[in-house]
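Good morning, everyone, and thank you for making room for me today. Please have the sequence and the picture open while I talk, and look for each residue as I name it.

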Amino acid sequence: MVLLTMIARISDGLPLAATMQEDEQSERSTLEYQNQAKMLFRKLGLQSPTRCTIETGPYLFHYLIENEVCYLVLCERNYSKRIAYSYLEDIAQEFHSQYGKRVNTVARPYAFIEFDTYIQKAKKVFSDGRSRRNMNALNSQLQDVQRIMVQNIDDVLQRGTVLSELDTKTQNLSMLSQKYKKDAAHLNSKSMYVKAVAILVAFLVFLLYFFIL
C-alpha cells in the first residue's frame, strides 16, 4: 500500500508536490515520515544513486531521481518493489511533462500541489490488482529492482550530515587558501614597494654625494 508520495527539487531539497492526506488522523500518522523525507531531500545531490530503497521502521522509502527532481514514495514492506518503481516512473513522466520547464523557477514549497490530483489517480491504478496485469510493458522497461541499493534511513541521514560537515570544512579550507593568496600578494606588493623606495633613496644619496663632491 502506498502511504505517502512526495516530490522535491534536488538542488536545494525544496518540496514541489505531495499527496494530501484524507483526514487528520492520516496526517498525524505520516508526519514523522514526512519529516524524514524532507531531511532526506536535503541530503540528496547530483551524485546520489538515481534509485534507492531505504528502510524506515515498518515501512520502506523508494525514490527515483530524474531531471534533477526526486520522486519518493513510502510503502508497506509487503508492497511490490517493482510496482512501487513503476508508480514512480509514471508520476515522474507526468510531472516532467506538466512542470519540467518550471521546476527551477519556483521558490515557495509545494508550488505544484495541484499535481496531487494526478498522484491520487495513479495510486488507485497501481493499487488495483487487475491493473497490475496490464503493466507488463512498463515493468519490462525497468531495471532489475532486486539490484537497487537498500539502505537504512538513519545511516543515510547520518552519512549526509558527515558529508555536509566535510563540505563545510572543504569550503573553509578554500576560503583560507584564498586569504593566504591575497595576503601573499599583498606582502609581495609591499616588498616590491620597499625595494623601490630603497633604490630611490640610494639613487638620491648617490646624486647628493656626486654633486657635493
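I will go from the overall layout to the cores, then to the charged pairs, and finally to two residues in a loop.

Please keep in mind throughout that this is a predicted model. The protein chain has 213 residues, and buried residues make up 37% of them. Its secondary structure comes to six helices and six strands, and if you read along the sequence you meet them in the pattern β-β-α-β-β-β-α-α-α-α-β-α. The chain exposes about 13800 Å², of which carbon and sulfur atoms supply 56%. When we take the contacts between residues at least 6 apart in sequence, 64% of them join residues that are at least 24 apart.

Let me turn to the interior. Which residues touch the most other members of the largest nonpolar core? That core has 28 residues, and the ones to find are Ile7, Leu16, Tyr71, Tyr87, Leu88, Phe95 and Phe115. Several elements each supply at least two residues of this core, namely strand 1 (2–9), strand 2 (15–18), strand 5 (69–76), helix 2 (81–99) and helix 3 (116–127). Helix 2 gives the most, with nine residues.

Tyr87 is a good place to pause, and if we leave out residues up to four places away in sequence, Tyr87 touches Val2, Thr5, Val73, Ile119, Ala122, Lys123 and Phe126. Apart from this core lies another one, of 19 residues, and among its members are Met6, Tyr33, Phe41 and Leu72.

Now please move along helix 2 to Asp90, which is found in that helix. Again not counting residues up to four places away in sequence, Asp90 touches Tyr118, Ala122 and Phe126. With Tyr118 there is also a polar contact of 2.7 Å, which joins the two side chains. As for Ile119, it is 29 residues from Asp90 in sequence, while the C-alpha atoms of the two residues are 9.4 Å apart in space.

That brings me to the charged pairs. How many salt bridges does a search of the whole structure find? The search finds three, and I will take them in turn.

In one of them, Arg9 is paired with Asp12, and the closest N and O atoms are 2.7 Å apart. The two partners are worth looking at separately: Arg9 has a relative accessible area of 9%, so it is buried, whereas Asp12, at 42% relative accessibility, counts as partly exposed.

In another, the side chains of Glu89 and Arg51 meet at 2.4 Å, N to O. This pair links distant parts of the chain, with Glu89 in helix 2 and Arg51 in strand 3, 38 residues apart. Are these two residues buried or exposed? Glu89 is buried, and Arg51 is buried as well; for Arg51 the relative accessible area is 14%, and that is why it counts as buried. If you want to find Arg51 in the sequence, it lies in strand 3, which covers residues 51–56.

The remaining salt bridge joins the side chains of Glu55 and Arg77, at 3.9 Å, N to O. Glu55 lies in strand 3 and Arg77 in the loop between strand 5 and helix 2, so this pair ties together parts that are 22 residues apart in sequence. Here Glu55 is partly exposed, with a relative accessible area of 29%, and Arg77 counts as partly exposed too, at 43% relative accessibility.

Finally, a word about the backbone. Most residues other than glycine have a negative phi. Please look with that in mind at Asn67, which is not a glycine and yet has a positive phi of about 55 degrees. Asn67 is found in the loop between strand 4 (59–66) and strand 5, and because its relative accessibility is 52%, Asn67 counts as exposed.

Glu68 is found in the loop between strand 4 and strand 5, and Glu68 has a positive phi of about 65 degrees although it is not a glycine. Its relative accessible area is 44%, so Glu68 is partly exposed.

If you would like to go back over one part, I suggest starting from helix 2, which gives nine residues to the largest core and holds Asp90. Thank you for listening.

Methods. Residues numbered from 1 in each chain as written. Predicted model: local features only at pLDDT ≥ 70, side-chain atom pairs only at ≥ 80, totals over all residues. Heavy atoms only, no water. Core = buried A, V, L, I, M, F, W, Y, C linked by side-chain atoms within 4.5 Å. Buried < 20%, exposed > 50% of the residue type's maximum accessible area, 1.4 Å probe, protein only. Helix = DSSP H or I, 4+ residues; strand = E, 2+ residues; numbered from the N terminus. Contact = heavy atoms within 4.5 Å. Polar contact = N/O pair within 3.5 Å; in protein donor to acceptor, adjacent residues only side chain to side chain. Areas by Shrake-Rupley, 256 points an atom, 1.4 Å probe, with all protein chains shown as cover. Salt bridge = Lys/Arg side-chain N within 4 Å of Asp/Glu carboxyl O.
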